[in-house]
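Trainee: I would like to learn how to read a model like this one. Where do we start?

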Amino acid sequence: MVLHITPYSSACLHFLDGLSWSLVFPCYWLLDRLLASCVATSLEKRQRSQDPCSFLTVCVLISAPLYLLLLLASLPFALLGFIIWAPLQAVRQPYLYTYRRPDKNQAEQGQAGPGGVGTGEWRPQGRSFCFASANVCLLPDSLARFNNLSDTHRRAREVGKRIRNGASRPQIKIYIDSPTNTSISAASFSSLATGFRRTSSLDQRPDQTHTTNGPADGETEPLTECPIHPSGAIDCPVHPPAGDQGSSECPLHSDTTADCPLHSAGTNGSSDCPVHTSGEASDCPMHSTGAQNGQGHHDCPMHGDGTQVKPSPDCPLHTSGVQISISAPEPDPQEDEAETGNHRPGEQAGGDTGSMTASRESLARYHGSDGGVGISSNNTLSHVPRTSIFKRPGRKRRHGDETFDHEISAFFPANLDFLALQEVFDHGSTTRLRRQLHRYFPYVLSDVGRYGWKGCCSRFKFLNSGLMLASRYPILDARYECYPNGRGEDALAAKGALFAKVHVGTSHQEQRVVGYLTCTHLHAIEVDASVRCEQLDWLLQWGAEFRQSSSQPPEGEKVLEDLVAFDVILGDLNFDNCSSEDKLEQQHALFTQYKDPCRLGPGEDKPWALGTLLDPSGLYDDEVSSPESLQKVMENEEGRKEYLVFPPSKSQCPASSQKGRKIPLKGNGRRIDYILYSDEGLQPDWKLEIEEFSFVTQLAGITDHLSVAMRLAVSTGEEEP
């Protein structure tokens, strides 16, 4: 199937569509602004109550009548434009495929192949892939306000920045060899100490109503803590008792940052130890020449004269039981913003300098403790340089016989491969979000769905499906299907399913290794369980048809059969696994063909599973206004009861606010955002294993859902030759 790179196959149709929209848009924008001025968010209400004569109140009183007058004047032009626009939608393409060529730095570092990442030879031992799904609520501003959200275009840019900044962090793994700790601190969690250079950016608090794309504030803060020992250590072997951490005698940091022996100017995120180069060079800044040849570290500033030849288990630089793995992220391109379609080489999508940061920088304190390694952090985020070597292990836990790690994370996983978004309805927001994502994801499917009528008996669609799919791997094929059974206000949007086939490698026998992705958004009205069950039936049917049709070779060609690495469904299914009202969906055949990592069975989730639907009334509370603060609240049971939506009960009106109520709540909230995977159709010896699952709070304050992410390992049963 040909990937559609333009909305229309004809330039004439494209021109007519642009002309019609130029006539409709003034009326559409004025109506949106008029309705938005009548629906205030809780933050705006708070500001007006504190200052009734505020500038915001005056603007609303003046602008509302003006919007109404201009709206009436624009109606004749909008009607003419609508007459031209509506028939064109019957021949409009169901999605738009855009491609950004990998930049030169990515190719040099091996981060990207000719068409993206991972299109080279498939490794015998397999590979791991990271998936994420998020409902971003990018409705027209007037409609988003009913979810207590506003300024859709600003939020669209911010969503893209936060996602790519979280995904482009260095991937670091810390393995702790301890008989009492079996967890692995894997690739996706928390931020790093960066030579203690702090870069500031957007505060990420929702009361900031304006966002600029100017350069990030690169203000440097002085070193305030020893990177090896936290404040309060009285026997620090690195710094003198006087505590002068800026002293030129410090073997870790000299007078100038450029002379730091641990963070040299040429460090590029190499996995080589920044302290001991290969071969134990004689000029090692931590050991003098007399410490070589196995004679002990007599002059080591980290160990006293009585240090044994065997490194101390509490030394953060000489750990016998701790292994640290670091891999660098992709560089952030700084070209002018542009987009290309279907592998056309002339243009590239770039980014503004503000994309280097997503929040405030983290200062992680690394220290030893009895029987293991302890690391603490202030739980803040930023895009960080690759010279970092210290990292806290995150908050990953395992319960009982759990085979994978899971956590509540303030950041999207590092090296994110596939991203599925829902409720990207607004056209202008789609463009802004796509530009931001293209700085990390080369391949994007956007503007998915249809408008107007599809046949004479179909319902008119004012909004498209709201689906978007971004990938670091080449997309080979795609298909969109619209659910035909929408009801009520949900029928005004073309909700459906987007299917994609991606190329993730090539075997030794020149067979393509592919993966299948499905992004969907089901019917939202709670009482319509039968509607969602029908949509799940179609989802399975359409998915099977897509896999069958996309696996058939072109007529007259003989090619080897594709090897399937994974089959994953991502999206907002609008039902949870614990509500008594959702029993029909919980027992659907979907869960016999696909596995839910958070589910024990119908009506029962695993103890660590977390609800993903936030209570809109509390979005702007200081306790949850940043990714780090929302993470801390979600780790607390009382916090979850305060800020998550729970299944409705007979003694409570579902539409009322949950804040302050005393009704007993069971479980951890409504989990309606899913990532499901299937191991059917794989090669006989291939196996899928989950490495980690996380609930992500990085979009705090700009959407009413928590995001979910999963890293899936595909093993082939072979060994590296």
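Trainee: How much area does the protein chain expose, and what share of it do carbon and sulfur atoms supply?

Mentor: This is a predicted model. The protein chain exposes about 31,500 Å², and 54% of that is supplied by carbon and sulfur atoms.

Trainee: What share of the residues is buried, and which helices and strands make up the chain?

Mentor: Of the 721 residues in the protein chain, 55% are buried. The chain has twelve helices and 22 strands. Among contacts with a separation of 6 or more, 73% join residues 24 or more positions apart.

Trainee: What confidence does the chain have, and where is it lowest and highest?

Mentor: Where pLDDT is low, the predicted coordinates should not be read in detail. In this case the average pLDDT is 73, and 60% of the residues score at least 70. Confidence is lowest in strand β9 (residues 390–391), with a mean of 33, and highest in strand β13 (residues 468–471), at 98. Over residues 230–234 the pLDDT is below 50, and this stretch has five contacts in the model beyond near neighbours in sequence. Residues 288–299 also stay under 50; the model gives them 18 contacts beyond four places in sequence.

Trainee: Turning to a single helix, how does the end-to-end distance of α1 agree with its number of residues?

Mentor: Helix α1 covers residues 11–38, which is 28 residues. At 1.5 Å a residue it should span 40 Å, and its end C-alpha atoms are 40 Å apart, so the two agree.

Trainee: Where does α1 have a kink, and what caps its N-terminal end?

Mentor: The kink is about 35° and lies at V24, shortly before the proline P26. The cap at the N-terminal end is S10, with a side-chain oxygen 3.2 Å from the backbone nitrogen of C12.

Trainee: Which residues of α1 are buried?

Mentor: An α-helix has 3.6 residues a turn, so residues three or four places apart point the same way. The buried residues of α1 are D17, S20, V24, C27, L30, D32, L34, A36 and S37.

Trainee: How do I read the surroundings of one residue, say I690: where does it lie, and is it buried or exposed?

Mentor: I690 is in strand β21 (residues 687–696). Its relative accessibility is 9%, so it counts as buried, the cut-off being under 20%. Leaving aside neighbours within four places in sequence, I690 is in contact with T403, F404, P597, Y677, M710, R711 and L712. The C-alpha atoms of I690 and F129 are separated by 9.7 Å, although the two residues are 561 residues apart along the chain.

Trainee: Where does D596 lie, and what does it touch?

Mentor: D596 lies in the loop between α10 (590–593) and β18 (599–601). It is buried, with a relative accessible area of 9%. Not counting residues up to four places away in sequence, D596 touches F591, R671, Y674, I675 and L676.

Trainee: What is the phi of C137, and what is that of E423?

Mentor: Phi of C137 is near 50°, a positive value in a residue other than glycine. C137 is in strand β2 (residues 127–138), and at 0% relative accessibility C137 counts as buried. E423 has a positive phi of about 60° and is not a glycine. E423 lies in strand β11 (residues 418–424) and is buried, with a relative accessible area of 13%.

Terms used. Residues are numbered from 1 along each chain as its sequence is written. This is a predicted model: local features need pLDDT of at least 70, side-chain atom pairs count only at pLDDT 80 or more; totals for chains, interfaces and linings use all residues. Side-chain values use heavy atoms; hydrogens and water are left out. Helices (H or I, at least four residues) and strands (E, at least two) are DSSP runs, numbered from the N terminus. Buried means under 20% relative accessible area, exposed over 50%, partly exposed in between (1.4 Å probe, protein chains only). Contact means heavy atoms within 4.5 Å. Accessible areas come from the Shrake-Rupley method with a 1.4 Å probe; for residues, only the protein chains shown count as cover. The expected span of a helix is 1.5 Å times one less than its number of residues. The bend at a residue is the angle between axes fitted to the seven residues ending there and the seven starting there. A polar contact is a pair of N or O atoms within 3.5 Å; within protein, one must be able to donate a hydrogen and the other to accept it, and residues adjacent in sequence count only if both atoms are side-chain atoms. pLDDT is the predictor's confidence in each residue, from 0 to 100.
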